[in-house]
Amino acid sequence: MMSTEELLAAYPADRVRATKARLLRFWEGDDLGRPPVVVNRAGPKYNQQYDLETMMQNALQCLAPEAFLPGDNVPGFWSDLGPLVLASGFGGHIRNEETPPWIDPVFYEPEGVDALPEPRLEDGLAGECIRRARIFLERCEGKIDVRPLDMQGPLNTAGLVWEQERFLMAMHTDPKAVHRLMDRVTRHTIAVFRAFQDAFGPQLIQPFYPEIWMPAALGVGITEDLMPLISARAYREFGLPYTTRIAETFGGLYIHCCGAFERHLPALAEIPNLRGIEFHYPYTRPEAVQEVLGDGRRVFIIRRGPHAEAQFPDPVDFTRFVRGYWERGMRLMIMLDDAPDNPELLKRHLDALGLTDAWGAAPESIYTRHTVKDIL
């Protein structure tokens, strides 16, 4: 069993402050001479664990090894109970017997929109996520930051509250009902973001996913994974107004989407203070993103989607592919979350980026000094 004392010893406050200061310079537009690199997810999965103590212990075993990995890693506890949390505020039966958990639709017909209760923080699981984050923060003496829960975008949440196929069809048959639901879901999303901000202030890390660090003043992060399922016209009518409202409320927005959304890039370019997007190749091509959104300020993360594995069976070849876009001027952060427990693979990734010695020690010496296996 790992103790909180061991976790805190792994993260000296001055090192965390230095990492944040370096990342702040990057987000402000400075050229660091290299892209920020995040190496995370060592140890067991802890988010979406409904048993409190399993979540707490797994979090310790996950976060501590990351302290000994090279990279621009800022520790943050993620009290996530699944992508259904925002939807749970409107009702719906939660099925958490397996991971990931899921939720039954609250309604199927348009009339269900106006019958929905007005969600409160204590309804559903959002309040429980805040409670768990407070517990972890207390156990860590307030020295580890926290991330918000899985903040699905309004379209995603609406497609969980209203049975998804009928929700999509209603965009054509009853658009007014869709807008009424989107308004309610957006208000609830904003309220939950504010509740996290009120609870944790400057210790709240954004975005929740990807697990990077963005200055709180730059806004919040959401996922937009329903976006690839609809047309450009439908997204402009039913998605863009509500993502824009969130961006305007919090001063900016970072988006995750792992599907094909090139047709939506012109609409996304209209979001005020869009800070960047994490996307998956080959579903969305880096050159398309750079052409429409690459303004020298927005920050992108290119991930290897499952259908890229045939083109890049060796993940290090994909890292070289990503490096090519960085060298051509695309503003990137790089995620290496397939290698935290494999020092040889991590070394090959860093070699491919030309960054083996960027943190003052090669991966072999880091692992020799304090290996993930030793910690676990």
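**Exercise 1. Strand E7**

Work out how far strand E7 (residues 253-257) is enclosed in this predicted model, and which strands it pairs with.

*Solution.* Start with the burial of each residue. Five of the five residues of E7 are buried, so the strand is largely enclosed by the rest of the structure.

Next, sort the side chains by face. In a regular strand the side chains alternate between the two faces of the sheet. Here Leu 253, Ile 255 and Cys 257 lie on one side, with Tyr 254 and His 256 on the other, and both faces of E7 are covered.

Now look for the pairing partners. Strand E6 (residues 220-223) pairs with E7 in the parallel sense, over four bridges. One anchor point to find on screen is Thr 223, whose bridge partner in E7 is His 256. Strand E8 (residues 274-281) also runs parallel to E7, and five bridges join the two. For this pairing, look at Tyr 254, whose bridge partner in E8 is Gly 276.

**Exercise 2. Aromatic rings in and around helix H14**

Describe how Phe 318, Phe 321 and Tyr 325 are arranged, and find the cluster to which they belong.

*Solution.* The whole structure holds 17 aromatic pairs. Take Phe 318 and Phe 321 to begin with: their ring centres are 5.6 Å apart and their planes meet at 35°, so this pair is tilted. For a tilted pair, the angle must be neither under 30 degrees nor over 60.

Then place the two residues on the helix. Phe 318 and Phe 321 are three residues apart in helix H14 (residues 315-327), which separates them by about one helical turn. Check burial too, for which the cut-off is under 20% relative accessible area. Phe 318 is at 6% and therefore buried; Phe 321, at 19%, is buried as well.

Move on to the next ring. Phe 321 and Tyr 325 have ring centres 5.2 Å apart and planes at 80°, so the pair is edge-to-face. These two are four residues apart in H14, again about one helical turn, and both are buried.

Finally, widen the view. Tyr 281, Phe 312, Phe 318, Phe 321 and Tyr 325 form one aromatic cluster.

**Exercise 3. Charges over rings**

Identify the rings that have the charged end of Arg 328 or of Arg 331 sitting over them.

*Solution.* Begin with Arg 328: its charged end sits over the ring of Tyr 325, 4.5 Å from the ring centre. Tyr 325 is already familiar as a member of the aromatic cluster. For Arg 331, the ring is that of Phe 26, with the charged end 4.2 Å from the centre.

**Exercise 4. Helices with a buried face**

Decide how the buried residues of helix H8 (residues 164-173) and helix H15 (residues 343-353) are distributed around each helix.

*Solution.* List the buried residues of H8, which are Phe 167, Leu 168, Ala 170 and Met 171. Seen down the axis, they fall within an arc of 155°, so they line one face of H8. The face turned away from them carries the exposed residues Glu 165, His 172 and Thr 173. Then ask what covers the buried side: the cover includes helix H7 (154-161), helix H9 (175-200) and helix H10 (232-238).

Repeat the steps for H15. Its buried residues are Leu 345, Leu 346, His 349, Leu 350, Ala 352 and Leu 353. Looking down the axis of H15, these fall within an arc of 155°, so they line one face of the helix. Just past the end of H15, Gly 354 takes a positive phi of about 70°.

**Exercise 5. Surroundings of Phe 196**

Establish whether Phe 196 is buried or exposed, and name its contacts beyond its neighbours within four places in sequence.

*Solution.* Locate Phe 196 in helix H9. Its relative accessibility is 0%, so Phe 196 counts as buried. Leaving those sequence neighbours aside, Phe 196 is in contact with Ser 79, Cys 129, Ile 130, Arg 147, Pro 148, Leu 149, Gly 201 and Leu 204. Ala 126 is 70 residues away from Phe 196 in sequence, with 9.4 Å between their C-alpha atoms.

**Exercise 6. Confidence**

Find the stretch where the pLDDT is below 50.

*Solution.* Take the overall figures to start: the protein averages a pLDDT of 91, and 93% of the residues score at least 70. The stretch in question is residues 361-376, which has 35 contacts in the model beyond near neighbours in sequence. Where pLDDT is low, the predicted coordinates should not be read in detail.

Terms used:
Residues are numbered from 1 along each chain as its sequence is written. Side-chain values use heavy atoms; hydrogens and water are left out. Buried means under 20% relative accessible area, exposed over 50%, partly exposed in between (1.4 Å probe, protein chains only). Two strands pair if DSSP finds at least two bridges between them. Rings of Phe, Tyr and Trp (its six-membered ring) pair if their centres lie within 6.5 Å; planes under 30 degrees apart count as stacked, over 60 as edge-to-face and the rest as tilted. A charge sits over a ring if NZ of Lys or CZ of Arg is within 6 Å of the ring centre and within 35 degrees of the ring normal. The arc is that of the directions from the helix axis to the C-beta atoms. Contact means heavy atoms within 4.5 Å. pLDDT is the predictor's confidence in each residue, from 0 to 100.
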